[in-house]
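Student: I should be grateful for a close look at one part of this protein, namely its paired aromatic rings. Please set out the reasoning at each step.

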Amino acid sequence: MSVRSVALAAMLIAVVATGPGLTAAEQQATVSEDSLPLYADEQQVVTGETTLESGTEMTVRLVSEDASSPFLKQREVSVQPNGTFVAQFDMSNVPANTSYELSAHVDGDTLFERTGTVAECDGNCTDPVPDIQTPTETDSDDKVVTVPQGGTAEIPISMSDGGDKTLSVGSEAVNYQINATVSDEDDDGEVLVLFDTAAAGTDSETLSVADDGDSLTVTATEPDLSSTLAPAAYTYRVFESRETDATPTTGTLLIEANETATEEFEVEETAEFGFEESVSNVQQGDTGRISIVLTSADAATISIGSPASNYEINATVRDGNGDDRVGLLFDTTAAGHDEPTLETAADADAVAVESGSEVALDSQLAATDYDLSLYRGTDATGQPDAIGTLVVTDGANSSTDAASDGVNSVTGDTAAQQSQDGDFEIGAGAIAVGGVLAIAGVGLCLRSIMN
């Protein structure tokens, strides 16, 4: 075997991995070499092939291995009918030369793990989104409805058994879902449902019926989208009643890529769940601010520190003023002591420290880097949804940069207010008159200060 063959075999072994208790024939995934390297730019696309069944939901994850540039990005994707998967990542806020681990997971099992380094972009490094391929052969029971992105799909529903039925398109795993009850009021044995992909995720009507004699009522509203519904294979399910607890018949809504539709869709982008800044800085003895973006989450749990840093505290935050954000204040003086360590910048927001989670300290909080981990919900378990770093600097080293703008970022005190508590300074310009009187004046001033 040649050296090149050995290297290729080693690379394939590194890319393909199976979870515990699984054989290689049961679940596999490989990454396309055309996907790499990933650049520090928008729309970096990771593609690959799997042995998983069409419609299987999998998680593709990117996590930093560089403590100085922490990040965690993950996408929930579905295996397409041709066995491929596509995951898009925005890497524009990740510095070049940052090392990372790329992995894929299904039901807790790891399909592959691969390491790499973010490459520097010296031009247009945006990846194109590959077209979705329509399968050449389909099962007679597996209905496939194909529509271009931005077009209107026609989903036929058999109503020969009578009664109302429930149509569900998408799932939480693909970040889009809508449910509706359909009724065959003209008794022709079928309802043709129209799915407008351009209206999906907007205030416009996404679902309607082709025949005025039929009716449709949306029962589970769709999420708001910041762009046209992504080209992919979306499973749709038809339940035999208004309830969704029975076994449904399934089909596939296949949306094919259309660049024009994406350009015409204009919706203001919303911030993603996580930390507003991946790195927060604070000096010993001061109170630092950690800005958290909740988006649609009702609550988030933050973990500050770790056993390795000899300090840790967990807390749950909630947004109370409706801005989808929480400014969390971290008091380095109170950390590890009886005083409250965490407060919210806005009175309407709330923070609740997990009982017994804070590590007690005999002295002030050490000047070092502390891990920040953020989880959706009220539990700090499993993989965090976002990570960051809290940098505590030595309080003995005063920061001239922080005071250069004249306002303390946390207290709001001006430089003039801060100087009242500091040393008195007398400039050379104070001696402007000269002679004995000026010298005597300075002497009297100094004597007054000394007294």
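Student: To begin with one pair, are phenylalanine 85 and phenylalanine 112 buried or exposed?

Tutor: In this predicted model, phenylalanine 85 is buried, and phenylalanine 112 is buried as well. These two residues form one of the 4 aromatic pairs counted here. Their ring centres lie 6.5 Å apart and their planes meet at 25°, so the pair is classed as stacked; the reason is that planes under 30 degrees apart count as stacked. The partners come from distant parts of the chain: phenylalanine 85 belongs to strand β5 (residues 84-89), phenylalanine 112 belongs to strand β7 (residues 109-117), and 27 residues separate them.

A further pair has another geometry. The rings of tyrosine 311 and tyrosine 370 have centres 6.3 Å apart, with their planes at 90°, and the pair is therefore edge-to-face. That label applies because the angle is over 60 degrees. Since tyrosine 311 lies in strand β21 (residues 311-318) and tyrosine 370 in strand β25 (residues 369-376), the pair ties together parts of the chain that are 59 residues apart in sequence. Tyrosine 311 has a relative accessible area of 1% and is therefore buried, the limit for that term being under 20%. Tyrosine 370, at 1% relative accessibility, also counts as buried. Ring pairs link these two tyrosines with a further residue, so that Tyr311, Phe330 and Tyr370 make up a cluster.

Strand β21 may be followed a little beyond the rings. Valine 317 also lies in strand β21, and with a relative accessible area of 0% this valine is buried. Valine 317 and alanine 352 are 35 residues apart in sequence, yet their C-alpha atoms are 6.5 Å apart in space.

For contrast with these buried positions, one may turn to the loop that follows strand β5, the strand of phenylalanine 85. Asparagine 97 is placed in the loop between β5 and β6 (99-106). At 61% relative accessibility, asparagine 97 counts as exposed, because the term requires a value over 50%. The phi of asparagine 97 is near 70°, which is a positive value in a residue other than glycine.

A positive phi is found elsewhere too: glutamine 43, although not a glycine, has a phi of about 45°. Glutamine 43 lies in the loop between β1 and β2 and, at 28% relative accessibility, counts as partly exposed. Proline 37 is found in the loop between β1 (29-31) and β2 (44-50), and a cis peptide bond, with omega about 0°, joins leucine 36 to proline 37.

Definitions and conventions:
Residues numbered from 1 in each chain as written. Predicted model: local features only at pLDDT ≥ 70, side-chain atom pairs only at ≥ 80, totals over all residues. Heavy atoms only, no water. Phe/Tyr/Trp six-rings, centres within 6.5 Å; stacked < 30°, edge-to-face > 60°. Helix = DSSP H or I, 4+ residues; strand = E, 2+ residues; numbered from the N terminus. Buried < 20%, exposed > 50% of the residue type's maximum accessible area, 1.4 Å probe, protein only.
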